[in-house]
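Hi,

Here is the structure I promised to pass on. Have a look at it first, and my notes follow below.

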Amino acid sequence: MIRQSLKFRKTVTIVCVLSLLIFIFLILRQDQINSTGNVRQNQRIDKEFQDIAYRDFNHRPKKNDFNQNILKDMDTNKVADNSKQELAEAKARIELLEKKLAILEGRIPQKYPDVKYLGYKERKRILVTGGAGFVGSHLVDILMTQGHEVIVVDNFFTGRKRNVEHWFGHRNFEMIHHDIVNPLYIEADEIYHLASPASPPHYMQNPVKTIKTNTLGTINMLGLARRVGAKILIASTSEVYGDPMVHPQPESYWGHVNPIGPRACYDEGKRVAETLAYSYAKQENVSVRVARIFNTYGPRMHVSDGRVVSNFIMQAIQNLTITVYGNGKQTRSFCYVSDLVDGLLALMASSYTLPVNIGNPVEHTIEEFAVIIKNLVPGCRSTVATGAAVEDDPQRRRPDITLAETHLNWSPKISLQDGLQRTIDYFKEELSRTTFYNNQTYMDVKVKSRH
């Protein structure tokens, strides 16, 4: 009995404790619900009060409204001025970026002229010394479009990279910055040796260098031709005839040259180059060709070349006095550069080994030539004046091209007026140049394909 009574008491005690805990929990829960409701009600009341306060008091008139409106207008004007300034600065930055982009595009040519595909048996590896110069760069254009591999060697004394920059990156083109006074060791099938300053101001600027280029440089190129078994064309000049006593000048004429005059570094240098060529031909069996080049003109001439064509055109375009040195009765025969290049290619391809005159036999006095150029430049107001005669200046110069017509089937095709007009257009473009663009490189060949 006692045990049963104790168990009953424990059970009752546990039930009572649990009931008390449940009652306390319910009371606390009810208080929490009431508290949350009161907070929400208070928040709603506060919000309504704020809305009422905003409606009641926000639009009340203020004492300093007029002053504040003035300040607001001033701030608006300042913002407008700042916006205009920022817009002007943005435009200036855009223009600067456009110029930089144009320069970068000019440095990275993206198009090449159409190039013929040649198989390995037909394709030749051709070295052109002075290939970045006036004549050399035009020759490079033709050789490249024919599909040959071309190596240009130039020390850039008178040559310019811009003359051949449109070929940079082409798989058939290679440029070597090198002075041929020093030996060169490469492989080649043909060599066009054109390296030498050709205008009097350039070759008189450093006469010793001119002699070295035409003697040591020629020896190095002939030695290279001997080592690799290449055919070599030596670019000689009409200056080997000096101030001629025979007119017109045939290849059989030995010339009338002052060996110690101001032009001797060039005249005698070229005469020695010819002697070296035929000495190598006789002693070492080197296959040589010699072209005696007469006055040549065309695009890519230096604007400060110092020769008749460039001087007269520059003076006429700028409405300056066209200066004729001497009495103006000296005669010259001017050949357009594309005709000259055709003659060089024909000579290299021929089996004729003796010197050949390459030039235009149409003769004009310097005075006549000045008038022709003046008439070709629209709106030219220049006058023609005479200046002091140049020492050792040849009085008559005209090639006899009978051998070229007979053995090379070559004669010039471009008329003087047509050639001069192209040259004038080129010089105008040079004068208007403000930055470097690859599309300003003169090309006779159309640019069509992208490689």
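R123, R125, E149 and E174 are linked in a network of salt bridges. Bear in mind that this is a predicted model. Within that network, the side chains of E149 and R123 meet with N and O 3.1 Å apart. E149 sits in strand β2 (residues 149-154) and R123 in the loop between α2 and β1 (125-129), so this pair ties together parts that are 26 residues apart in sequence. R125 also forms a salt bridge with E149, at 3.2 Å between the closest N and O atoms. Here R125 is in strand β1 and E149 in strand β2, so the pair ties together parts 24 residues apart in sequence. E149 is partly exposed at 24% relative accessibility, R123 is partly exposed at 26%, and R125 is partly exposed at 28%.

The whole structure has 16 salt bridges. Another one of them joins R93 and E89, at 3.8 Å from N to O. These two are four residues apart in helix α2 (residues 65-107), which means about one helical turn separates them. R93 is exposed at 52%, while E89 is partly exposed at 36%.

Now for some backbone oddities. Most residues other than glycine have a negative phi, and most peptide bonds are trans. N319, however, has a positive phi of about 60°; you'll find N319 in the loop between α7 (308-317) and β8 (322-325). N409 has a positive phi too, near 55°, and lies in the loop between α10 (402-408) and α11 (416-432). N409 is exposed, at 70% relative accessibility. Lastly, the peptide bond joining H247 and P248 is cis, with omega about -10°.

Cheers

Note on methods. Residues are numbered from 1 along each chain as its sequence is written. This is a predicted model: local features need pLDDT of at least 70, side-chain atom pairs count only at pLDDT 80 or more; totals for chains, interfaces and linings use all residues. Side-chain values use heavy atoms; hydrogens and water are left out. Buried means under 20% relative accessible area, exposed over 50%, partly exposed in between (1.4 Å probe, protein chains only). A salt bridge is a side-chain nitrogen of Lys or Arg within 4 Å of a carboxyl oxygen of Asp or Glu.
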